[in-house]
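Have a look at this model, and let us walk through it together. The report starts with the whole chain and then moves to a pocket and a handful of residues.

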Amino acid sequence: MWVVFTVSFFLMWIVTPEGATLSERQLPAAVEQNIRAYHGLDKPLHERYFHEMWRFAHFDFGPSGRLQDKTVNEILQEGFPISISLGTLALCFAMLLGFATGIVSALKRQSFIDVTFRLVATLGIAIPNFVLAGFAIIIFVFWLKLFPAAGWGRPIDLVLPSLCLAAPFAAYISRLTRTGMLEVLGQDYIRTAYAKGLMPTTVVMKHAFRGAILPVVSYLGPATAGILTGSLVLERIFFIPGLGSHFIEAVMQKDHQVSLAVVMVYTVLLFTMNTLVDLSYGLIDPRVKLDK
């Protein structure tokens, strides 16, 4: 956390000094004076660094340099739940589609279904989600008229951007699930389970899938963090007022406070999800033990 804060702080404040951006905004004299006093812009850079780090450690991100009547904390409180809602639905789509197609592809190895699913997964990985969003809007909005083009506030507004956001992650999950299932299906304990007369569905879902899911769980750590924070470009395409939209606007307007706060939120979420994934190994695979 300290390394990320330090690198981000000096990149933002050295490449584009905040004092220069204040002059470009042509703020009222009183507002500019308050911002300079709050951030200590008249002090040396190293003093500002320690001052900012102390405030960030206490979750005080200060006022926004772009929106004069809002603080960074208020911007995060407004945008983060929206990104979480979009990301949670996209994560559900990614796991549902990825697990289902991966299992079926492994069970139907070298069949037409397997080849089709692998081709679709390759395309999902290769095509950026913003390109996919463009095709999705043309097909499902203008041709079929099934979804609205943009907006926020209704459940149906979440479906199309969530599917576009989930597509590359679902493709990765499908490939990893297929590979893991193929390795596990040839193990002795799977043959023993079949020999005992267990139903094929029970063998696949209770025994094989549990052993094949570990590579997927390793991928779900950073994938979950990436999904839950939302896609920066997709939120702009579908006009979703999430954290990604605020981040892009802050970068364009050179609002260092919002940019740095969003970077730190992304970092905390990424570290948290990776830690939870490491802890989950012991629950999924009994062969994995956590040392105290």
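What follows is a short tour of a predicted model, from the overall fold to single residues.

## The chain as a whole

The predicted chain has 292 residues, and its secondary structure comes to 14 helices and zero strands. Read along the sequence, the pattern is therefore α-α-α-α-α-α-α-α-α-α-α-α-α-α, with helices and strands taken as DSSP runs.

Buried residues account for 43% of the chain. The exposed surface comes to about 15,700 Å², and carbon and sulfur atoms supply 69% of that area. As for contacts, take those with a sequence separation of 6 or more: 70% of them join residues 24 or more positions apart.

## What the UniProt record lists

An unreviewed UniProt entry gives "transmembrane region" for residues 82–107, 119–144, 156–173, 216–240 and 260–284. Two of these spans can be set beside the model. Residues 82–107 are 100% helix and 0% strand, and the C-alpha atoms at the two ends lie 38 Å apart. For residues 119–144 the end C-alpha atoms lie 25 Å apart, and that span is 88% helix and 0% strand.

## The largest pocket

Which residues lie nearest the centre of the largest pocket? They are Leu-97, Val-120, Gly-124, Leu-132 and Ala-167, out of a lining of 22 residues. The volume of this pocket is about 530 Å³.

Four helices each give two or more residues to the lining: H5 (72–107), H6 (112–126), H7 (129–143) and H8 (156–185). The largest share, eight residues, comes from H8. In chemical terms, the lining divides into 18 nonpolar residues, four polar ones and no charged ones.

## Two residues with positive phi

Two loop residues are worth a look for their backbone angles. Phe-59 sits in the loop between helix H4 (45–57) and H5. Although Phe-59 is not a glycine, its phi is positive, at about 60 degrees. Phe-59 has a relative accessible area of 61%, and because the cut-off for exposed is over 50%, this residue counts as exposed.

The other case is Gln-110, in the loop between H5 and H6. Here, too, a residue that is not a glycine has a positive phi, about 65 degrees. Is Gln-110 buried or exposed? Its relative accessible area is 55%, so Gln-110 is exposed.

## Residues of helix H8

Helix H8 holds both Asp-157 and Ile-173. Asp-157 has 7% relative accessibility, which means that it counts as buried, the cut-off being under 20%. Leaving aside neighbours within four places in sequence, Asp-157 is in contact with Pro-148, Ala-150, Gly-151 and Trp-152.

Ile-173 is buried, with a relative accessible area of 1%. What does Ile-173 touch, not counting residues up to four places away in sequence? Its contacts are Ala-94, Met-95, Gly-98, Phe-99, Val-216, Tyr-219 and Leu-220. Ala-94 is 79 residues from Ile-173 in sequence, yet the two C-alpha atoms are 7.5 Å apart in space.

## Two partly exposed residues

Arg-118 belongs to helix H6. Its relative accessibility is 27%, so Arg-118 counts as partly exposed. Not counting residues up to four places away in sequence, Arg-118 touches Ser-105, Gln-110, Arg-175 and Arg-178. Gln-110 in that list is the positive-phi residue described above. Arg-118 and Ser-105 are 13 residues apart along the chain, with 7.8 Å between their C-alpha atoms.

Tyr-189 is found in helix H9, which covers residues 188–195. At 40% relative accessibility, Tyr-189 also counts as partly exposed, because the value lies between the 20% and 50% cut-offs. Beyond neighbours up to four places away in sequence, Tyr-189 touches Val-184, His-207 and Gly-211. The C-alpha atoms of Tyr-189 and Val-203 are 9.8 Å apart in space, and the two residues are 14 apart in sequence.

Conventions. Residues numbered from 1 in each chain as written. Predicted model: local features only at pLDDT ≥ 70, side-chain atom pairs only at ≥ 80, totals over all residues. Heavy atoms only, no water. 1 Å grid on protein atoms, 1.4 Å probe; cavity = no way out; pocket = protein on both sides within 12 Å on 5 of 7 lines; lining within 4 Å. Points joined across faces, edges and corners; volume = space filled by probe spheres on them. Nonpolar A, V, L, I, M, F, W, Y, C, P; charged D, E, K, R; others polar. UniProt positions renumbered as here; feature names shortened; annotations may be inferred. Buried < 20%, exposed > 50% of the residue type's maximum accessible area, 1.4 Å probe, protein only. Contact = heavy atoms within 4.5 Å. Areas by Shrake-Rupley, 256 points an atom, 1.4 Å probe, with all protein chains shown as cover.
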